[in-house]
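Colleague: Can you walk me through this one? I'd like to go from the whole chain down to single residues.

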Amino acid sequence: MGNVWIGAVGSTLLVSLLSFTGVLFLAMRAKQLKRIIFILVSFAVGALFGNTFFMLIPESFALIENVQMIGFLIVSGLVVMFILEKFIHWHHCHNVSHEHDAAPLGYISLVTDSLHNFTDGVLIAAAWMASPEVGIATTLAVVVHEIPQEISDFGVLLHAGFSKRKALFLNFVAACTAIIGAVVTILLGSVTEELIKFILPFAAGGFIYLAGSDLIPELHRESSVRKSLIQLTAILAGIALIFYISLHHEHSHDENHGHETELHEHGH
């Protein structure tokens, strides 16, 4: 059991530290950042949609038999994020200390990213509970997925008006929910399998809301043909990358599921 704790917590700590990939942009000047932020936001749109439709929703169908429940949870994610953004907008209007009108977008991004990272932590811990081999394979799959995700998240926070250092810190805090997910999974064991069923489609709804309601309208503010083509290319690149990762992720997920079944059979 000690190896499970070391493997799961160590792996999620590694994944959390990937949030500091945004430090690559700290050395850039404001003008340079402004030139590339719209590319990062475009990439984030593709990554969010790709993660939603190629990973979260397919896994939800694999875990939940009731398809109406999946639809209900996805819509719930959309509605809750709408309410949350309304609340943040209301708080923003009554608090003049906020400096940027796009700040609610940043907080919505942090909430959805926290749910996503929590889910990653659950998956990693469940994999380590199956076997060290599956744990390492799942961790590698998450790491490859998280690097572009964290860079795009950092870009969204910068676009929302956060300072570079604040965006880096908050992105790290959101990433640390992966550690919480791993700890909860190990402590609760099989109970967490029921929890993740509800988190996955709910997070999917949040990602759909973030990409479709907040980010895409921002991209439409740019009307030049050249930049529009760059946006489209970045969106397709985000989708393509997550699709490629999902091909391997599905394999490791199925393998993980098989090991978990075997583990339960031995347990009983």
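What follows is a short back-and-forth about the fold, one helix and two residues.

Modeller: A word on the ground rules: this is a predicted model, where local features need pLDDT of at least 70, side-chain atom pairs count only at pLDDT 80 or more, and totals for chains, interfaces and linings use all residues. Residues are numbered from 1 along each chain as its sequence is written, and side-chain values use heavy atoms, with hydrogens and water left out.

Colleague: How many helices and strands does the protein chain have?

Modeller: Helices (H or I, at least four residues) and strands (E, at least two) are DSSP runs, numbered from the N terminus. Read along the sequence, the pattern goes α-α-α-α-α-α-α-α-α. That makes 9 helices and 0 strands.

Colleague: What share of the residues of the protein chain counts as buried?

Modeller: Buried means under 20% relative accessible area, exposed over 50%, and partly exposed in between (1.4 Å probe, protein chains only). The chain has 268 residues, and the buried share is 50%.

Colleague: How far apart are the end C-alpha atoms of helix α1?

Modeller: Helix α1 covers residues 2–17, which is 16 residues. The expected span is 1.5 Å times one less than the number of residues, so α1 should span 22 Å. The model agrees, with the end C-alpha atoms separated by 22 Å.

Colleague: Within what arc do the buried residues of α1 fall?

Modeller: The buried ones are V4, G7, A8, S11, T12, V15 and S16. Seen down the axis, they line one face of the helix, because they all fall within an arc (taken from the directions from the helix axis to the C-beta atoms) of 160°.

Colleague: And which exposed residues sit on the face of α1 turned away from its buried side?

Modeller: An α-helix has 3.6 residues a turn, so residues three or four places apart point the same way. On that face of α1 the exposed residues are N3 and I6.

Colleague: Which residues does T112 touch, leaving out those up to four places away in sequence?

Modeller: T112 belongs to helix α4 (residues 103–130). T112 counts as buried because its relative accessibility is 1%. With contact meaning heavy atoms within 4.5 Å, its partners are M81, G206, F207 and L210.

Colleague: What distance separates the C-alpha atoms of A203 and I57?

Modeller: A203 lies in helix α8 (residues 191–219) and is buried, with a relative accessible area of 1%. Leaving out residues up to four places away in sequence, A203 touches L56 and L115. A203 and I57 are 146 residues apart along the chain, and their C-alpha atoms are separated by 9.4 Å.
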